Amino acid sequence: TKEEQARNRFQSELEFIQCLANPNYLNFLAQRGFLRERPFINYLKYLLYWKEPEYAKFLKYPHCLHMLELLQYEHFRKELVNAQCAKFIDEQQLLHWQHYSRKRTRLQQALAEQQQQPQQPPHGNATAK
């Protein structure tokens, strides 16, 4: 049925676009020439609709959208052939996640400490007229 086809297409595109978050996979695609093929480049352009909130909300790895954006540029696609480029991106992602994780932990700790402090009454006497 058309509904099943649409669901399968959605699932396939969802899985594929999230693979773009993996720099080693991008390197694999580049080394095999996919990133030089016009139909594949057009497909990457078509996938930009995933940036719309009604689709992006399904992404588990939203940074794949940043990679999709970068893949629109020929220079970036050419650089991905180089394994060192993929390694650099991979390292930068790891550093970002580590920083994000530490920052999130600090924010959660601060929030927990704030919630444990006794609430101060508002200034002034609320019952006075």
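**Exercise 1. Placing Ala-56**

Ala-56 lies in helix α4, which covers residues 53-56, and the structure in which you are asked to study this residue is a predicted model. Decide whether Ala-56 is buried, partly exposed or exposed, and find which residues it contacts beyond its neighbours within four places in sequence.

*Solution.* Begin with the cut-offs: a residue is buried under 20% relative accessible area and exposed over 50%, with partly exposed in between. The relative accessible area of Ala-56 is 21%, so this residue is partly exposed. Next, set aside the neighbours within four places in sequence, and the contacts of Ala-56 are Trp-50, Lys-51 and Leu-65. Finally, compare sequence with space: Ala-56 and Leu-14 are 42 residues apart in sequence, while their C-alpha atoms are 9.4 Å apart.

**Exercise 2. Helix α1 and its partners**

Work out how the span of helix α1 compares with the expected one, and name the helices against which its buried residues pack.

*Solution.* Helix α1 runs through residues 2-19, and the 18 residues reach 26 Å from the first C-alpha to the last, which is close to the 26 Å expected at 1.5 Å a residue. The buried residues of α1 are Glu-13, Leu-14, Phe-16, Ile-17 and Gln-18, and they pack against α2 (23-31), α3 (38-46) and α5 (64-70).

**Exercise 3. The nonpolar core**

Identify the residues that touch the most other members of the largest nonpolar core, and say which element gives the largest share of this core.

*Solution.* The core has 21 residues, of which Ile-17, Leu-20, Leu-35, Leu-44 and Leu-71 touch the most other members. Two or more residues come from each of the elements α1, α2, α3 and α5, and the largest share, four residues, belongs to α5. Taking Leu-20 as an example, its contacts outside the neighbours within four places in sequence include Leu-26, Leu-44, Met-67 and Leu-71.

**Exercise 4. Two aromatic pairs**

Explain why the pair of Phe-10 and Phe-58 ties together parts that are apart in sequence, and then classify the pair of Phe-16 and Phe-40.

*Solution.* The count comes to 12 aromatic pairs. Phe-10 and Phe-58 form an edge-to-face pair, 5.2 Å centre to centre with 85° between the planes. Because Phe-10 lies in helix α1 and Phe-58 in the loop between α4 and α5, this pair ties together parts 48 residues apart in sequence. The ring centres of Phe-16 and Phe-40 are 6.0 Å apart and their planes stand at 90°, so this pair is edge-to-face. Phe-16 counts as buried at 15% relative accessibility, and Phe-40 counts as buried at 14%.

Key
Residues are numbered from 1 along each chain as its sequence is written. This is a predicted model: local features need pLDDT of at least 70, side-chain atom pairs count only at pLDDT 80 or more; totals for chains, interfaces and linings use all residues. Side-chain values use heavy atoms; hydrogens and water are left out. The expected span of a helix is 1.5 Å times one less than its number of residues. Buried means under 20% relative accessible area, exposed over 50%, partly exposed in between (1.4 Å probe, protein chains only). Contact means heavy atoms within 4.5 Å. A nonpolar core is a set of buried Ala, Val, Leu, Ile, Met, Phe, Trp, Tyr and Cys residues joined through side-chain atoms within 4.5 Å. Rings of Phe, Tyr and Trp (its six-membered ring) pair if their centres lie within 6.5 Å; planes under 30 degrees apart count as stacked, over 60 as edge-to-face and the rest as tilted.
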